[in-house]
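Me: I have a structure to go through. Please show it, and then teach me how to read it feature by feature.

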Amino acid sequence: MAEQTLPELIADVTGLGTYGVAGEFLAAFLGAFVIGSIMLSYTGVAGPWAKRKITAAFTDRYAVNRIGPFGLLIIVADAVRLLSKELIIPEDVDRPAFDLAPIVLAGSAMLGFAFIPMGSIFGINMQIADPESGLAFVFAIASVATLGLAMAGYASSNKYSFMGMLRAIAQNIAYEIPLVLTAASVVLFAGSLQMSEIVAAQTLGGGTEPLFAIGGLEIPPWFAFVNPFAFVLFVIANLAEVGRNPFDIPEAPTEIVAGYQTEYSSVYFVLMYLGEFLHIFLGGAIGATVFLGGPAGPVLPGFVWFTIKIWAFFLFTQWARSAVPRVRIDQLIDIGWKGMLELSFANLILTAILVGVIV
Amino acid sequence: MSLERPQDTALDAEGDVDPQAILDLLGDRVLDTEEHLNADQSVVVRPDAVEETLLALRDEAGFDHCSCVTAQEYEDRYESIYHLKQYDDPTNEVSVVVPAAKDDPVSESGNAAYRTCDWHEREAYDLVGINYENHPDLKRILLPENWQGHPLSMDYDQDRPQVVTLGEHDNPLKDDHRDSDSDTMFLNIGPHHPATHGVLHVKTVLDGETVADVESDIGYLHRCEEQMAQNGTYRHQIMPYPDRWDYVSAGLLNEYAYARVAEDLADIEVPEYAQVIRTMGAELCRIAAHMLALGTFALDVYGDFTAIFQYAFRDREVVQKILEDLTGQRMMFNYFRLGGVAWDLPEPREDFFELTRDFLDGLPGKLEEYHDLITSNEIFQLRCVDTGILEPEVAKSYGATGPVARASGVDYDVRRDDPYGYYDELDWDVVTEDGKDNYARVLTRMQEVEESAKIIQQCVDLLEEWPEDERTIQSNVPRTLKPENDTETYRAVEAAKGELGIYMRADGTDKPARFKIRSPSFSNLQTLPEMAQGEYIPDLVASLGSLDIVLGEVDR
């Protein structure tokens, strides 16, 4: 049976559980607050500091190194800078859609983390909710971001924003389907949409056999090892989903300035960027959960492993950004509908046949 | 006249222009002849016979390259000069001089013969004030629409308000592009846009993501370079300006243009030793300029400050260091002097040679790395191969030169075809590609870097061996230069972007009476619509990047 989730634990420890629905709500709120703070601080580190340091390493530069150790305090300086800038709202924008878009973007990504099993640390299970339809729910919520993009692009009343929006929507539709289909092939293996079950199916012990063993080293049955093909498909589709090279078409700085976020400044800009980085982490979290055994790993606590895995995904996106050219919009759509979609369907059907025959 | 002369050319047996054949060909369209130092024949033709004259010279005499159109005003007349050349042999030059009446300066447009006349004549109209009949779209090009008067004309009054408000002027915004039935979108790309490499304004009409129409709007960086040069003395006051035309590290190449034309006009000899130093410096600049072109093109295609951009800049920095050691400056070198260079190689010479040699030795490895990173990358090829096609005939008609023309298979390089400096003594090749696309233009530049390295290598060898007592860096040039009245010449060199030419006319004083710059970027940029129409926006951006324009040189 699934472990006790974070809000349940909080309710138990604080005694909030005895206050009925209101207590449960408060406990859930506190749980969400904890998870949200963690993810936001990851993003805070990733945006102003890690991204710069990583791309600098790839491109033979130093990046931030003046403020604090390793330049880490640039995070504080940047926070002050970004928040104190003037918020410019063009005259013709369509409010309140213009104001809501950044919130929808950042919020949808944040919501996704509610269902991710982040493993336990100090005996606390870092998962807010574990519904039986967990995976479907995560994808559903993550794709709400497309709505945010549409709002931002349309409401900005700027031609570049508009084109960025059209591109973003075309891209997300083209790549969302392969993304979900590859994840569905994993569901066939795990036999459940519940996130904790998917993780359990990849974690050694408790009835799960190792995939194979090399000289006493047991390789866990992570789905990335069971079905590497699906993993590769997922990683590619995920790059498109989070809009990083070679698929950073919706922003495409040298073509359409900044795409849907052209007109956003100051705090709105921060929220937009926050949403983007959260999405990268959410993509990483889904990938880690579905293909890399979630928090599973030796020696270190599960939550630490989970953190390492999502940062590895982040590192990968930055690597792609530093080294790979951007494809053209028509090529992107071609790859999506003519390549990825077929391959992911083939993968799903093959997996279904294999699972049906073997199990 | 030679008996062997082919029927459709005006060349004699040696391949040189036969001045009499030109006159025969043009018949009664010719009013008079003139003396231009550069040209084999300069004909004065009737202002209403420009089109047929140019067509005849293009089709029947093989002058397929309209290098430049110079306009100027005399006391008694206006004048447009079409500097014609042949792509096969640019030493075959003919100047077509078209006078226009002082009170009503009108002459026929040459646009039907050479597409490049479009912009050149617009510039002549804008700055000098000659009206060209049958021009497809005669309007200002460098100055704003609401500018008053023509600044290079003689009666131009600088005390009068130069710009009036749009309301007083015929409002250029009155043609609103909104049309309820239209399914295209008008998009202003620039003047502030990440991909325009400066202040270029590209008026684009989009049909979805497809580019339906492109029109470049230039002039945002116009700094009156020609007029400033006309107000400077030949000897010292003009040389600093060329550095500011193509200002991204091509400085010495630009200085070479002025040095060549002025030394031609005033008949100045340059010591051989100085020529070797000049050639080496110029090629160092070419490497630096091409590295920048490569890096920024990658930036346009990759979309971010990626590895290749930084690598190109890292390696360019080494060249900058060498140039800094040589000239004392990083950007505005001001190193050439008429008759030589400002000073000898820096002491200790061994250190300078070692630095240069280290760079040259490391270069093949660096280029290998670039090829691994970009040209052999499948996505890069997907983006660049067969996009932005520029047919050689179109390139010629627009007067495209440099890597842009050579990537379309036009085998034209002023360094080889009209040699100057020390180039004809050295062993190197002109790079051409047949791809005609964005990819070919990148490849051309990368290979030209290799060729430049070969030239520098040979120059370093020569300089190292040069006997110490023969190191003359400047010939004896008079303090004040006053070339004879009415000597005119047009001379070009191969700058980083192509043929950089200067027309100068002396009036007997120590300042040029007319100083006209033919910038390669100006002509190359004209080809953008040919490359971009019907393609996607990303290809438009890639094509613009592959043209490698510098707005300082386009707008002057």
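Me: How many residues of domain 1 of chain B are in contact with domain 2 of chain B, and how many on the other side?

Reply: Conventions come before the count. This is a predicted model, where local features need pLDDT of at least 70, side-chain atom pairs count only at pLDDT 80 or more, and totals for chains, interfaces and linings use all residues. Residues are numbered from 1 along each chain as its sequence is written, while chains are lettered from A and ligands numbered from 1 in the order in which they are written. A contact means that the C-beta atoms of two residues, placed from the backbone, lie within 7 Å. By that test, 18 residues of domain 1 of chain B meet 23 residues of domain 2 of chain B.

Me: Which element gives the largest share of the domain 1 side in chain B?

Reply: Elements are DSSP runs numbered from the N terminus: helices are H or I with at least four residues, strands are E with at least two. Strand β3 (residues 65–73) of chain B gives the largest share of that side, six residues.

Me: What is the make-up by class of the domain 1 side that touches domain 2 of chain B?

Reply: Three classes are used. Ala, Val, Leu, Ile, Met, Phe, Trp, Tyr, Cys and Pro are nonpolar; Asp, Glu, Lys and Arg are charged; the others, Gly among them, are polar. This side has six nonpolar, nine polar and three charged residues.

Me: Where do the domains of chain B begin and end, and what separates their centres?

Reply: The bounds come from an automatic or database domain assignment. For chain B it gives domain 1 (1–176) and domain 2 (241–517). Their centres, taken over C-alpha atoms, are 28 Å apart.

Me: Now the chain interface. How many residues of chain A are in contact with chain B?

Reply: The size of an interface is often given as the accessible area lost when the parts come together. Here the description is by contacts: 24 residues of chain A with 27 residues of chain B. On the chain A side, α11 (253–256), α13 (302–323) and α14 (329–358) each supply at least two residues. That side has ten nonpolar, five polar and nine charged residues.

Me: How do I read strand pairing, and which strands pair with β2(B)?

Reply: Two strands pair if DSSP finds at least two bridges between them. β1 (residues 30–34) of chain B and β2(B) pair antiparallel over four bridges. They form a hairpin with six residues between them. In this pairing B:Glu34 stands opposite B:Ser42. Four bridges also join β2(B) to β5 (residues 94–101) of chain B, and these two run parallel. There, B:Gln41 stands opposite B:Val94.

Me: Is strand β2 of chain B mostly covered or mostly open?

Reply: Count C-beta atoms, placed from the backbone, within 10 Å of a residue's own: 20 or more others make it buried, 12 or fewer exposed, and anything in between partly exposed. Strand β2 (residues 41–45) of chain B is mostly covered, with four of its five residues buried.

Me: Why does B:Val164 count as exposed?

Reply: B:Val164 is exposed because 12 other C-beta atoms lie within 10 Å. This residue is in the loop between β7 (131–133) and β8 (185–189) of chain B. Leaving aside neighbours within four places in sequence, B:Val164 is in contact with B:Asn146, B:Gln148 and B:His169. B:Val164 and B:Trp147 are 17 residues apart in sequence and 6.7 Å apart in space, C-alpha to C-alpha.

Me: What about the end of chain B: how do β14(B) and β15(B) pair?

Reply: β14 (residues 498–506) and β15 (residues 512–518) of chain B are antiparallel over six bridges. B:Gly501 has B:Arg518 as its bridge partner. The two strands form a hairpin with five residues between them, and B:Gly508 in the turn has a positive phi of about 90°. Six of the seven residues of β15(B) are buried.

Me: Last one: how many helices and strands has chain A?

Reply: Chain A has 14 helices and four strands. Of its 359 residues, 51% count as buried. The C-alpha trace of chain A spans about 60 × 55 × 45 Å along its principal axes.
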